[in-house]
Amino acid sequence: MFLRRLLTRIATTLVTLLGVAVIVFAVIRIVPGDPVAMMLPPGATEADIARLNAFYGLDKSIPEQFFIWLGGVVQGDFGTSITTRQPVLGLVLSRLPATLELSVMALVIAVVLGGLVALTGTRLRYTRTEGALDVANGMALSVPDFLWGLVLILLFGVLWPVFTISGRVSPNLVPEFATSFFLFESVLRLRFDLWLDLVQHMLMPALALAIPLAAIIGQLLKQSLKETMHLDYVTLARTKGYSENHVILREALRNAVLPTLTLIGVQFTFLIGGTVIIERLFSYEGLGNMAIDAVINRDLPLIQGIVLLFALLFTLVNLAVDLLYAVLNPRLRHA
Amino acid sequence: MKLSRRSLLKMSAASVTLSVALPAFAQAIDELVIAYNVNLPSWDPTVGPSAVNPTIQGLYQSVFDQFILQQPDLTPAPGLLTDWGWNEDRTQVWMDVREGVKWHDGSDFTAEDVAWSLARAADPATGNPIQFVWGTLANHRVEGNRVIADVAQFDPTIFKWMYFLTGYVLPKAYYERVGAEGFEAAPIGTGPYKVEQYERNAFVRLRANADYWNGVPEFETVTIRFVTDAASRVAEVESGRSHVTLEIPYEEYDRLRERSGLGGVATPVSDIAMIFFNDIDVMLDENVRRAAVHAVDKQLIIDRLLSGYGVAISTLETPEYAAFDPSIEVAYDPDLARELLAASGFSTDNPVRFTIQTTRGFKPKDYEMIQAIVGMWRRVGIEAEIEVYEVARHYELRAADQLAPAAFYNWGNSVGDPTTSTGFAMFGPSPHSVWDSPDLIERIGPLWAEPDEATRIQGWKDVSRYIAEHAYVLPLLQYVQPILHASGVTVVPHASGALLPHLMTRA
């Protein structure tokens with residue numbers, strides 16, 4: 001049963017990716033912005049335009065271009081970037097770890113902050129503290145991540161410059177690691193100087209991404225916890241004499257966390273999407289920053305590669321959340 | 001003084017905070033850090049979109065030399081080529097190559113490198129976007145220390161292109177040995193700096209070339225961080241993490257340059273703002289065009305929207321360009337604009353209507369400028385509807401000759417020749433021109449191949465006057481580039497807009 005569901009999801013994922021590939025391929029060729037027109041200086045003639053179109057393989061029909069590209073993708077060749085002249089797959093994979101590390105760090109911060117807000121709000125419900133937390137939550141939610149980024153830059157980059165404003169790592173510390181998961185690998189290699197430097201660079205963009213998500217998590221988890229606190233089994237726990245902290249943490253939280261988990265899964269995909277703007281703001285060398293450059297330069301193969309990878313990530317995250325939900329929810333597990 | 005544990009902790013915290021918060025501009029600059037406004041996608045300065053991106057040229061010129069050196073005022077000077085010219089009947093060009101120059105790997109720079117670089121640029125298979133210019137030379141050969149090429153098609157500006165886009169000398173032997181990928185991974189040139197470390201989308205660290213033929217740069221190490229967001233660039237300099245930055249809002253520039261430890265230079269660069277008129281609809285009426293031109297108070301736009309940073313222009317030639325003629329002036333005269341419109345039956349009660357296209361945020365205050373112009377036009381009897389588009393759309397529409405009757409654009413011409421400003425912008429047969437009337441084509445046509453330089457430049461001045469008289473285009477202003485820097489560094493601005501670390505010295 002479980003295996004069949006898994007296989008169905010994988011098949012759905014493949015169809016989704018194919019759909020995304022078709023849409024992206026078509027849309028970026030339909031929307032205004034011809035990469036060759038952008039590249040040619042005004043003195044160029046029609047023959048020069050034709051020559052460069054042929055050079056970049058843009059002289060063929062769109063379906064023909066698509067099938068050539070798709071044929072390459074199936075064999076692991078995502079084409080060559082127009083701007084960097086590097087293989088797209090290599091470029092995208094080299095930047096993916098930076099974005100994943102940033103997203104995961106933002107998620108961890110969001111879960112911790114949101115969890116703390118929810119637990120404190122539940123513990124101190126119907127008090128002024130809960131009211132203050134609700135106000136703070138509302139503020140965190142209503143300000144978009146890039147504005148949080150600007151606020152953080154002003155506070156911790158300029159007024160009290162304790163964190164680094166731009167980049168992923170200090171130029172004099174760029175490691176020669178086996179992978180691009182610098183944060184992870186620096187721990188394994190006991191390079192704590194590098195780890196600290198990475199964290200110092202990542203903290204502000206991660207925080208900017210995390211604050212709105214933390215507010216959402218806090219709000220939903222608190223609501224869910226408050227509802228759970230009225231259930232019979234929680235009341236029973238109280239009558240047994242357990243402390244309020246024990247009731248919240250050990251009894252109510254496990255059930256209350258399920259809807260939040262689904263939300264986190266959905267929001268994580270949005271969070272990865274949010275890295276596009278935040279990475280740009282902090283000049284963080286991830287996939288999002290590269291995506292903006294690719295769009296500005298109309299680097300069609302690179303845009304296709306990045307979007308396809310983002311789509312793959314989104315579907316994988318959703319798949320993982322579904323599976324985790326099934327594992328944690330006994331009703332689904334035994335269905 | 002009694003020291004308690006609490007007070008000791010307080011003092012420690014304060015000293016840590018102070019040491020962290022002390023901006024670098026308050027300290028002596030050892031390693032120069034520049035917050036640059038664009039990423040560097042590729043190290044090959046002759047291929048792809050980055051090869052024709054004017055802002056990236058400053059990075060390329062730090063590592064590679066061009067065939068001919070361009071000085072900060074745009075004039076040429078001996079560089080890797082020490083002398084150059086045509087033969088008597090202009091069927092050949094000759095170029096004398098500097099001796100004693102070394103590539104960054106220590107090998108000798110030779111005339112072979114120049115000949116190979118020219119031939120490579122002319123080869124359509126390399127994908128050089130300017131191949132159509134380099135293709136006017138053929139059969140490149142080396143005779144001792146001189147490179148000779150046959151003129152396939154006479155182009156009086158060919159030597160100007162040698163200090164313009166894609167006009168770089170690359171190392172023949174090294175490139176052939178390592179290939180395109182190897183060159184991307186470890187580029188070498190003859191320029192003032194060597195590439196020490198490069199992280200795509202992050203930074204490039206440069207080390208001074210101790211053998212540089214034109215003098216060793218003052219800063220031994222330069223780190224150029226790619227900080228594409230203007231607010232972050234401002235923060236970089238304000239916090240002291242970077243010493244120099246460019247392309248920041250004028251308001252921020254004014255706010256910060258007065259601050260202790262910071263300074264700034266703002267000089268006109270070779271970029272202009274203009275409004276193309278398309279030879280369609282109401283724009284075929286000369287009265288409408290002339291009214292549209294006379295109704296615009298350019299100085300007011302500069303003062304109010306650009307904080308005074310700009311130079312009003314009447315032609316597509318700026319004062320630094322070879323064919324600039326200060327006697328051509330198109331005055332702001334709203335009364336004349338009203339008269340002209342009245343002659344064509346238009347007034348504020350019966351306005352002439354057309355669409356004007358503009359980018360929004362592509363250049364400083366582009367949309368706001370057009371809003372202001374539309375307001376000025378309204379007062380004389382022109383009702384223009386603003387349509388916002390992306391610059392990529394502009395290129396596409398311009399190539400297809402489908403722009404609206406009026407379209408805002410910014411034109412760069414860091415070589416300063418009239419062919420690459422008025423010429424390409426206004427010559428009908430060019431797929432990128434907008435006004436295509438035969439009278440203008442007739443006047444411009446012969447200038448492309450005019451061999452006598454004085455006659456050629458005078459010819460372009462005459463064309464500029466003719467264009468101004470008939471209002472075939474609306475030149476607005478020359479941009480001013482603000483460069484913000486720590487007071488410990490002196491920045492020499494380049495009129496091309498290129499930010500060149502080798503021109504920077506300690507103050």
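The following conversation introduces a predicted model through its salt bridges, a helix pair and a surface patch.

Visitor: What kind of model is this, and how are residues numbered?
Guide: This is a predicted model, in which local features need pLDDT of at least 70, side-chain atom pairs count only at pLDDT 80 or more, and totals for chains, interfaces and linings use all residues. Residues are numbered from 1 along each chain as its sequence is written, chains are lettered from A and ligands numbered from 1 in the order in which they are written, and side-chain values use heavy atoms, with hydrogens and water left out.

Visitor: How many salt bridges does the structure hold over all chains?
Guide: There are 38 over all chains. A salt bridge is a side-chain nitrogen of Lys or Arg within 4 Å of a carboxyl oxygen of Asp or Glu.

Visitor: Which residue meets A:Arg168 in a salt bridge?
Guide: A:Glu101 does, at 2.9 Å from N to O. The pair links distant parts of the chain, 67 residues apart: A:Arg168 is in the loop between α7 and α8 (182-188) of chain A, and A:Glu101 is in helix α5 (residues 88-123) of chain A. Helices are DSSP runs (H or I, at least four residues), numbered from the N terminus.

Visitor: Are A:Arg168 and A:Glu101 buried or exposed?
Guide: Both A:Arg168 and A:Glu101 are buried. Buried means under 20% relative accessible area, exposed over 50%, and partly exposed in between (1.4 Å probe, protein chains only).

Visitor: What about A:Glu130? Which side chain does it meet?
Guide: A:Glu130 meets A:Lys222 in a salt bridge of 2.9 Å, N to O. A:Glu130 lies in helix α6 (residues 128-142) of chain A and A:Lys222 in helix α9 (residues 192-228) of chain A, so the pair ties together parts 92 residues apart in sequence. A:Glu130 and A:Lys222 are buried.

Visitor: And in chain B, which partner has B:Lys172?
Guide: B:Lys172 forms a salt bridge with B:Glu176, the closest N and O atoms being 3.8 Å apart. The two are 4 residues apart in helix α6 (residues 172-185) of chain B, which means a separation of about one helical turn. B:Lys172 is partly exposed, at 25% relative accessibility.

Visitor: Changing topic, how do α7(A) and α7(B) lie to each other?
Guide: They are roughly parallel to each other, a term for angles under 35 degrees. The contact (heavy atoms within 4.5 Å) is made by A:Leu150, A:Ile153 and A:Val158 of α7(A) and B:Ala231, B:Ser232, B:Ala235 and B:Glu238 of α7(B).

Visitor: Where is A:Leu154?
Guide: A:Leu154 is in helix α7 (residues 145-159) of chain A. A:Leu154 is partly exposed, with a relative accessible area of 46%.

Methods:
Parallel < 35°, antiparallel > 145°, perpendicular 65-115°, else oblique.
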